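This report introduces a protein chain to a reader who is new to structural analysis. Please look over the sequence and the model before reading on.

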Amino acid sequence: MNKRKYTSSILIALMVISIGTLVSCSNKGNEIFSNRKVSFNSNWSFHLNDSIVDKDTIGTNTKWRTLNVPHDWSIEGKFDEKSPAGYGGGALTGGLGWYKKTFKVAAVDSSKVTSITFDGVYRNSEVWINGHYLGKRPNGYIGFQYEISSYLNYGDKNNEIIVKVDNSKQPNSRWYSGSGIFRNVWIETTDKLHVAQWGTYITTPKVTAQTALVHVETTLKNQYGASKNALVTTIIYKDDKKVTSVTKNITIGSNADQTLKQDIQVETPILWTVEKPELYTAVTEIAVDDKIIDEYKTNFGIRDFKFDVDKGFILNGKQVKIKGVCMHHDLGPLGSAINTRAIERQLEILKEMGVNGIRTSHNPPAPELLDLCDKMGFIVMDEAFDMWKKSKNKYDYSNDWDKWHKKDLIDQLLRDRNHPSIFVWSIGNEIQEQWNEDGVTIAKELAAITREYDKTRPITAAMNPPVNMNIDEVTLQFEKNNVQFNKIAKSGVLDIIGYNYAHQTYKYHQKNFPGVPFIATETTSALETRGYYDAVSDSIKKWPVRWDLKFTGGNPGNTVSAYDQVQAPWGSTHEATWKVIKKYDFLSGMYIWTGFDYIGEPTPYEWPSISSYFGIVDLAGFPKDVYYMYQSEWTDKTVLHIFPHWNWKAGQNVDVWAYYNNADEVELFLNGKSLGTRSKKGEDLHVMWRVPYQAGTLKVVSRKNGKTVLEKEIKTAGNASNLKLTADRSTIKADGNDLSFVTVDIIDANDVLVPNANNEINFSLKGNGKIVGVCSGDPVSHESYKGSKHTALNGKCLVVVQSGDKAGRLELTAKANGLKQTTIVVTAE
Ligand code: GAL
């Protein structure tokens, strides 16, 4: 039950906005794009109260608060050890929420078709328009649309839409889900003859350097009471320049759908690659009596790929190792309310590390993530489910399985299948039924549905593991002969065998599954707290030694050492799995658990931890050290990274690790004195020195052929004295949405980061904008991410500033006791 109260709730006067003038179609070229689909995110009224169980009992006295969606009410709550969502759900609360919005529609639109689209509502949404029930959608991660034309009032009369969101039954997720209308909402207004929802399907069946065959299937919907003759033209654009087009005359019967197939040849195609993700746009124009009545835009890419049994993943004829990460959908301090810039920032940080793949674990993502992956060049594994019929949590989606799985899967395929970044469909993650025949039956059904809607991509499932070679999880004895096969893996239903963990078995893959390609759907599950180190790296093994054992005698404050040495027992260190994947060509690649830390699923489940330790990047977006191991292996950038920090007790032994590349050797100096040269031997991915600590400067130099490549220094910090603010972008858009992510470093008088500073920092903002998130990346912090103060973790903190809809200066000030206050200006324009 949700006990939260909104003290500042306001009784909302009727909000009236006119969508009609915005939405109505025009024939003036591109203008129609912005009008066909408009945002319906602003000015919703929200009420959180479990006691309203029927929309008719919402009285005029109900207290409502005005907000814009995407909105996640759970992130506004308090962390609670007894939360029904459990630590897995991030110890935050669900509950029952109501949203409503009042609006007008121009009279001119009464002859059109109007629909409302929700990209995702977590969960169990029910929607009413002007008292008419539109429907229910239990799955929180899939988009859905209702046509509302016949229930609308046109002209001066108001319309009211009500959305009930029921996330009260807990637990229903193994990770933090968030609650509410957490993705975008749109109004779409079209002529009665139009391209249907998700109405295009574009494939590129033949691709060579000279020419590409682009196959376009367009589903048209005629809602007129008479048949219609129309001219349908598909125009292909590249960077706003017309490339080619095809036209066809068709007749569509009254109240009927019709799918039109067109083949288009694109000469000298510019191919989509991860390095240069080139996109094309197909514009479908429907003309009746020489008048264009609908225009519909689809982005697509031209690329050719396969998963090969010997060579792994081949993209446009070239072998590409998939260097991917798994991601949950939350955005750290912003919770699960999607924000395009916040997703883009995550992807930028990952790209910089060398990541070229994203697995949308374990559900369909926000459409904006896929758009960004198309534009930025990621190899996406789009995953449908975390469970089928058998539950993992009492109230999870297994309860909705029978009624909804078919529709949810079809809608995901229809929604997503034009994205050039998607290369694999995953029909499930660690499904409970995977070891028995029931699992095979369901897998066959899901694979058949998937193939019906898309034959261009292979199907996998994330199995734990596909082959179990009598694995003893504690001593990790994998090479015994007692092989047991996962039923789904051996059923022949999958195009690619998907391994969750079990990296020790990868080398036997071709023997165990002859003729079927390999993908590591999920790997590693190593654990680290950013910036925390046990001084001597091999003395750690404290917490968590065993994920299922209670926290006794472990590290203080549930910290996990950031040397890459602690892992969940089913996983490995970062280095161990990558060493195997990089070794064999037939291993197409891997998706590491996880790119970023996420809320929920602290491992082990140990209060006060409320967020995960698996991320290569912490919850605030600050890289942990192992980020640079990957960067040194996965990018062409020249890398030299040493750690830990240099503030220890005199005489104490401290292990210094270095990740480097593009050099033959590295030499370490302490206060000018050489501590020796090291170079990676064989499969090594780092080098190490054990150093008796002495305050001062630690310097490392990498060299190639005797010439210095890079130098790095770490200095002993003095007392904390200043706050340094750095904005990721100092100019943002004044659109009420854009974000500036400001890093706070606690520094000493000489600008050296104070590595153990955990000061509480207070933030204030002047100007037309607001602070929408604060976070240090600390998995045990229970301070609200939505407040205006936060305690730093190991010298760092993040504050997220959002623009308002007016241009101007946003002045962010940070203050902390005993430290000099600092201000930074972000310009919104
Ligand atoms: C996997 C699972 C993930 C996550 C991970 C933690 O088995 O698929 O969702 O729970 O373990 O190590």
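How much area do domain 2 and domain 3 bury between them, and what share of it is on carbon and sulfur atoms? The answer comes from a predicted model, and it is given below after the domains have been introduced.

## Domains of the chain

The domain assignment divides the chain into five parts, and some of them are made of separate segments. Domain 1 comprises residues 10–68 + 95–167, and domain 2 covers 193–300. Domain 3 is formed by 319–527 + 574–597, domain 4 by 550–566 + 614–644 + 646–716, and domain 5 by 722–828.

## The contact between domains 2 and 3

Domain 2 and domain 3 bury about 1300 Å² between them, and 64% of this area is on carbon and sulfur atoms. Three residues of domain 2, namely Trp198, Tyr201 and Trp272, supply 51% of the area that this domain buries against domain 3, more than any other three residues. The size of an interface is often expressed in this way, as the accessible area lost when the parts come together.

The centres of the two domains, taken over C-alpha atoms, are separated by 31 Å. Their contact involves 13 residues from domain 2 and 21 residues from domain 3.

## The second largest pocket

Empty space in a model can be found by rolling a probe the size of a water molecule over the atoms. The second largest pocket has a volume of about 1100 Å³. It is lined by 38 residues, of which Asp625, Tyr628, His641, Leu753 and Lys796 are the closest to its centre. Two or more lining residues come from each of α3 (340–353), α10 (626–634), β31 (640–643), β37 (707–715) and β40 (739–747). The largest contribution is that of β37, with 5 residues.

Where does the second largest pocket lie with respect to domain 4 and domain 5? It lies between them, because both domains give residues to its lining. By class, the lining holds 18 nonpolar, 8 polar and 12 charged residues.

## Annotated regions

Two annotations come from an unreviewed UniProt entry. The feature "domain: Glycosyl hydrolases family 2 sugar binding" is placed by UniProt at residues 93–187. This span is 0% helix and 44% strand, with its end C-alpha atoms 30 Å apart.

UniProt also records "domain: DUF4982" at residues 651–709. Here the chain is 0% helix and 63% strand, and the end C-alpha atoms lie 31 Å apart.

## Notable backbone geometry

The peptide bond between Tyr122 and Arg123 is cis, with omega about -15°. Arg123 belongs to the loop between β5 (113–118) and β6 (125–129). Another cis bond leads from Phe643 to Pro644, where omega is near 10°. Pro644 is located in the loop between β31 and β32 (653–660).

Thr268, a residue other than glycine, has a positive phi, near 35°. Thr268 sits in the loop between β15 (256–267) and β16 (280–288).

How values were computed: Residues numbered from 1 in each chain as written. Predicted model: local features only at pLDDT ≥ 70, side-chain atom pairs only at ≥ 80, totals over all residues. Heavy atoms only, no water. 1 Å grid on protein atoms, 1.4 Å probe; cavity = no way out; pocket = protein on both sides within 12 Å on 5 of 7 lines; lining within 4 Å. Points joined across faces, edges and corners; volume = space filled by probe spheres on them. Helix = DSSP H or I, 4+ residues; strand = E, 2+ residues; numbered from the N terminus. Nonpolar A, V, L, I, M, F, W, Y, C, P; charged D, E, K, R; others polar. Domains from an automatic or database assignment. UniProt positions renumbered as here; feature names shortened; annotations may be inferred. Contact = heavy atoms within 4.5 Å. Buried area = accessible area lost by both parts, 1.4 Å probe.
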